[in-house]
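Visitor: I have a structure to look at and some questions. Can we go through it together?
Guide: Yes, put it up and ask away.

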Amino acid sequence: MNRRAWVRQIMGMPISIHIRARDVDSPALAHGVEAALDLVYEADRLFSTYHHNSEVSRIRRGELDPGQSDPLVQQVILACHRARELTQGAFTDQLPAADGVLGFDPTGLVKGWAADRAASRLAELPGASYCLNAGGDVVVGGTAGEAGDGPGAPWRVGIEDPRDRSRIAEVVELHHGGVATSGNAARGAHLYDPATGTFVERTGSVTVVGPSLMWADVWATALFVGPESLRDVFAEVADGYRVISL
Amino acid sequence: MRRIVFAVMSTITAVVLLFSYHTSTNSAFVASSPAGQLPASPGSASPPRSSNKSGSATSKPGASGTYTGNAADTRWGPVQVRITVQGGKITASGAVQYPQNNGRDAQINGFALPVLNQEVLQQQSASIDTVSGATVTSDGYLQSLQSAIDQVHL
């Protein structure tokens, strides 16, 4: 079984797609990967807080009524509401801008959402299994070990040691689903705790594994910034998800 | 196969240029490189030439052999790297040529090359396909383990 990788820098982060298939050089495969990457580019255009004219930027400036926004944006807004409810407020789409003022910023959810969406496109590739890594969050699928018809081996996802990023602390084997890790190891305190209104300074990391990368990522962030008691909520409501704390 | 060589070369060039890791300063790697075969100084290094390979490599997947990359010019002088591939995976890497002119060079060699070597070997010992970790930005990508894994399969 052969393997091939594609890497792009989108949304300010590296997006790596690895495909295992008998013929990794087929034009159909390359076309499918490009189509999946196009979905990530589309998400960047709609949701980036760095692009002046993205729908999210226009919503933030009050120029666009969320109710009139692109259906994809509305879909994300709904998901943000749901995430806020489920995590009892530990996840938020209201983040401080550079001036400290809170504003609509669904970035924390969009990454997983866009990666899941791209993965759905990759899942359509016949006889191929895929692994998409978006800046450290991973979604895999298509292996024969699960519903797909691709190669049988699961993907082995290494979980970075938050205290020494050149080391792998754990390995998760996965046929289908997402692995998301939240922590400060890569870029310092950047995870916002809506309960205290501050960026969380703690060390270590929280990894969540489950069917959807978007929800794995929402929970990884919520459990990293939220109170210890949120772990009980997680165990109760996040069916099919598990947590690895390092 | 040349793609692997060039890819690894570019990784290592990037590492040498950009690395600012805080990790181990042990010099086991440099000590174990074939110092006797190193050019006397970077100044005497031969200009970039084609890669040499030995081994039975015929295709990317499952390839085996030892590969020596072209010398890459960096700000501090030429860097040339050799990797050993078994079954399509890097099992060892080492520099056959690197800048040694001054303290800054020594620092680069002391940090970047050993760290890269450890990373590659640790990645292989765990046989992982990808890395999940705290969010990596585009700026940090070249220093990431994921970047090294990607380069092998590009």
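Visitor: Which strands make up the open sheet of three strands, and in what order?
Guide: First, a caution: this is a predicted model. The order is β8(A)-β7(A)-β6(B), and the pairing is mixed.

Visitor: Which of those are the edge strands?
Guide: β8 of chain A, residues 164–174, and β6 of chain B, residues 130–132. Each of them pairs on one side only.

Visitor: What is the average turn between neighbouring strands there?
Guide: On average 40°, with direction ignored.

Visitor: How many bridges join β7 of chain A to β6(B), and do they run parallel or antiparallel?
Guide: There are three bridges, and the strands run parallel. β7 of chain A covers residues 155–161. Within this pairing, Val157(A) sits opposite Thr130(B).

Visitor: Which helix packs on that sheet?
Guide: Helix α4 of chain B, residues 145–153. It touches β8 of chain A and β6 of chain B, and its direction makes about 160° with that of β6(B).

Visitor: Now the sheet of seven strands. What is its order?
Guide: In chain A the order is β1-β2-β5-β6-β9-β12-β13, an open sheet with antiparallel pairing. Its edge strands are β1 and β13, the latter being residues 242–245. The twist from one strand to the next averages 15°.

Visitor: Which helices pack on it?
Guide: Helix α1 of chain A, residues 27–47, touches β1 and β2, and its direction makes about 25° with that of β1(A). Helix α6 of chain A, residues 230–237, touches β12 and β13, with an angle of about 150° to β13(A).

Visitor: Back to the start of chain A. How many bridges join β1 to β2?
Guide: Nine, with the two strands running antiparallel. β1 spans residues 2–10 and β2 spans residues 13–21. Among the bridge partners, Trp6(A) is matched with Ile17(A), and Arg3(A) with Arg20(A).

Visitor: What about the turn in that hairpin? How many residues lie between the strands?
Guide: Two. Met11(A) takes a positive phi there, near 55°.

Visitor: Let's switch to the two chains. How many residues are in contact between them?
Guide: 43 residues of chain A contact 25 residues of chain B.

Visitor: And how much area is buried between them?
Guide: About 2,900 Å², with carbon and sulfur atoms giving 51% of it. Of the area that chain A buries against chain B, Arg3(A), Arg156(A) and Ser166(A) supply 21%, more than any other three residues.

Visitor: How many salt bridges and polar contacts are there between the chains?
Guide: Two salt bridges, and 19 residue pairs in polar contact. The strands of chain A that each supply at least two residues to the side touching chain B are β1, β2, β5, β6, β7, β8 and β9. The largest share comes from β1(A), with seven residues.

Visitor: Which residue of chain B forms a salt bridge with Arg3(A)?
Guide: Asp129(B), with the closest N and O atoms 2.8 Å apart.

Visitor: Why would such side chains pair at all?
Guide: Side chains of opposite charge can pair when their charged atoms come close.

Visitor: How many salt bridges are there over all chains?
Guide: Twelve. One of them joins Arg61(A) and Glu63(A), with closest N and O atoms 2.7 Å apart. Another joins Glu228(A) and Arg231(A), at 3.7 Å.

Visitor: Is Glu228(A) buried or exposed?
Guide: Exposed, because its relative accessible area is 62% and the cut-off for exposed is over 50%. Its partner Arg231(A) is partly exposed, at 22%. As for networks, salt bridges that share partners join Arg3(A), Arg20(A) and Asp129(B) into one.

Visitor: Last one: Ser205(A). Where is it, and is it buried or exposed?
Guide: Ser205(A) is in strand β12 of chain A, residues 205–210. It counts as buried because its relative accessibility is 3%, and buried means under 20%.

Visitor: What is Ser205(A) in contact with?
Guide: Leaving aside neighbours within four places in sequence, its contacts include Pro162(A), Thr181(A), Phe224(A) and Ile244(A).

Methods: Residues numbered from 1 in each chain as written. Chains lettered and ligands numbered in written order. Predicted model: local features only at pLDDT ≥ 70, side-chain atom pairs only at ≥ 80, totals over all residues. Heavy atoms only, no water. Helix = DSSP H or I, 4+ residues; strand = E, 2+ residues; numbered from the N terminus. Buried < 20%, exposed > 50% of the residue type's maximum accessible area, 1.4 Å probe, protein only. Contact = heavy atoms within 4.5 Å. Pairing = 2+ DSSP bridges. Axes fitted to C-alpha atoms, helices over the stretch in contact; angles between N-to-C directions. Buried area = accessible area lost by both parts, 1.4 Å probe. Salt bridge = Lys/Arg side-chain N within 4 Å of Asp/Glu carboxyl O. Polar contact = N/O pair within 3.5 Å; in protein donor to acceptor, adjacent residues only side chain to side chain.
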